[in-house]
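User: I am new to reading protein models. Please pick one part of this one and take me through it closely, with its surroundings.

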Amino acid sequence: MATLFSVNRLSKSFGAIHVADRVTFSVDKGEIVGVIGPNGAGKTSLFGLIAGNLRPDSGHLEFDNADITRWAPQQRAQAGIARAYQIPKPFTHMTVFDNLKVAAIFGGGLNEDEVEDWIDKVLVQADLVAVRHTLAGRLPLLLRKRHELARALAMRPKLLLVDEVAAGLAEQEVNEFIGLMARIRAGGVTVLWIEHVMKTMLTATDRLLVLDGGRIIAHGEPEQVINSPEVRRVYLGA
């Protein structure tokens, strides 16, 4: 498979704290790659560096054959990198549909003539058709998380950054999210996914990266990674 995104010796520190320490990896088109690690390992900071909310101290990032290291967040979004946050960040006073419309126009570059048909497709994919006219601030937790993913999908991403969407969900809701992520991949979107719910990482990803102290300490097939002595020691406390 062709490489869509790569990180080369990416480093970022806040004083003596290293949130990224010469991080190097790549993601191929069509993959779902999981990112795990203990709290404070640097996972969310890595997403900030990829999305452009943080600037690296050194290293570079390439996306779709372009060096995006110094690109602003909006440039990265318009090029095809979208982010779904662990804590949903909708416009609470706007409807589900209007939230997606904003994302599709300003992030996805669609015009008024194109946007409604596209949003209808995203609503179906995320199973949000029944609440399209509901104010986003009134959605229950599961639907808020689906809506957060749908807002990112409305931007027509090539690479979707997903930050702990399964956190706080019941087992059946986790299963629904695993199915949703499979549909997202089937739609041609590549996914980089941070999660603490291990079931999602073992059943829904092609590869795992393990971070600790801003460094990648393991990567490979999910079962192999989870069973490695270093990962058990650092991540699972064994």
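Analyst: What follows is a close look at one helix, α5, and then at the parts around it. Keep in mind that this is a predicted model.

Start with the helix itself. Helix α5 covers residues 141–153, which is 13 residues. From its first C-alpha to its last it reaches 18 Å. That is close to the 18 Å expected at 1.5 Å a residue.

Next, is the helix enclosed or open? Of its 13 residues, 11 are buried, so α5 is largely enclosed by the rest of the structure. Buried here means under 20% relative accessible area. The buried set includes leucines such as Leu142, Leu143, Leu149 and Leu153. Ala150 and Ala152 belong to it as well. So do Lys145, Arg146, Glu148 and Arg151. His147 completes the list.

What do these buried residues pack against? Their partners are two strands and three helices: β6 (81–84), β7 (159–163), α3 (96–107), α4 (112–125) and α6 (171–186). Let us take one residue, then the partners.

Zoom in on His147, which lies in α5. Its relative accessible area is 2%, and His147 is therefore buried. Which residues surround it? Set aside the neighbours within four places in sequence. His147 is then in contact with Pro90, Val96, Asn99, Leu100, Leu128, Ala136 and Leu139.

Two of those contacts, Val96 and Leu100, turn up again where α3 meets α4. The axes of α3 and α4 come within 10 Å and cross at roughly 120 degrees. That angle makes α3 oblique to α4. The crossing is right-handed. On the α3 side, the contact is made by Val96, Phe97, Leu100, Lys101, Ala104 and Ile105. On the α4 side, the residues include Val115, Trp118, Ile119, Val122 and Leu123. Glu112, Glu116 and Asp120 of α4 take part too.

Now turn to α6. Helices α5 and α6 pack at an angle of about 10 degrees, and their axes are 11 Å apart. The two helices are therefore roughly parallel to each other. From α5, the residues that meet α6 are Leu142, Lys145, Arg146, Leu149 and Leu153. From α6, they are Glu173, Glu176, Phe177, Leu180, Met181 and Ile184. Each of these five α5 residues is also on the buried list.

Then come the strands. Helix α5 lies across β6 and β7, and runs at about 170 degrees to β6. Helix α6 lies across β3 (32–36), β7 and β8 (190–194), and runs at about 150 degrees to β8. Both helices lie across β7.

How do β6 and β7 fit together? They pair in the parallel sense over four bridges. Ala82 stands opposite Leu160 in β7.

These strands belong to an open sheet of six, in the order β6-β7-β8-β3-β9-β10, with mixed pairing. Which strands stand at the edges? They are β6 and β10 (215–220), each with a single partner strand, so one side of each is left without a neighbour in the sheet. Neighbouring strands of the sheet are turned by 20 degrees against each other on average, direction ignored.

Follow the sheet along to β9. Strand β9 (residues 207–212) has five of its six residues buried, so it is largely enclosed by the rest of the structure. Four bridges join β9 to β3, and these two strands run parallel. Val35 has Leu209 in β9 as its bridge partner.

On the other side, five bridges join β9 to β10, and this pair runs antiparallel. Asp212 has Arg215 in β10 as its bridge partner. The two strands form a hairpin with two residues between them. Gly213 in that hairpin takes a positive phi near 60 degrees.

To recap, start from α5, which is largely enclosed because 11 of its 13 residues are buried. One neighbour is α6, roughly parallel to α5 by the angle between them. Beneath the same survey come β6 and β7, which α5 lies across. Those two strands begin the sheet order that ends with β9 and β10.

Methods:
Residues numbered from 1 in each chain as written. Predicted model: local features only at pLDDT ≥ 70, side-chain atom pairs only at ≥ 80, totals over all residues. Heavy atoms only, no water. Expected span 1.5 Å × (residues − 1). Buried < 20%, exposed > 50% of the residue type's maximum accessible area, 1.4 Å probe, protein only. Contact = heavy atoms within 4.5 Å. Pairing = 2+ DSSP bridges. Axes fitted to C-alpha atoms, helices over the stretch in contact; angles between N-to-C directions. Parallel < 35°, antiparallel > 145°, perpendicular 65-115°, else oblique. Left-handed = near helix turned anticlockwise from the far one by under 90°.
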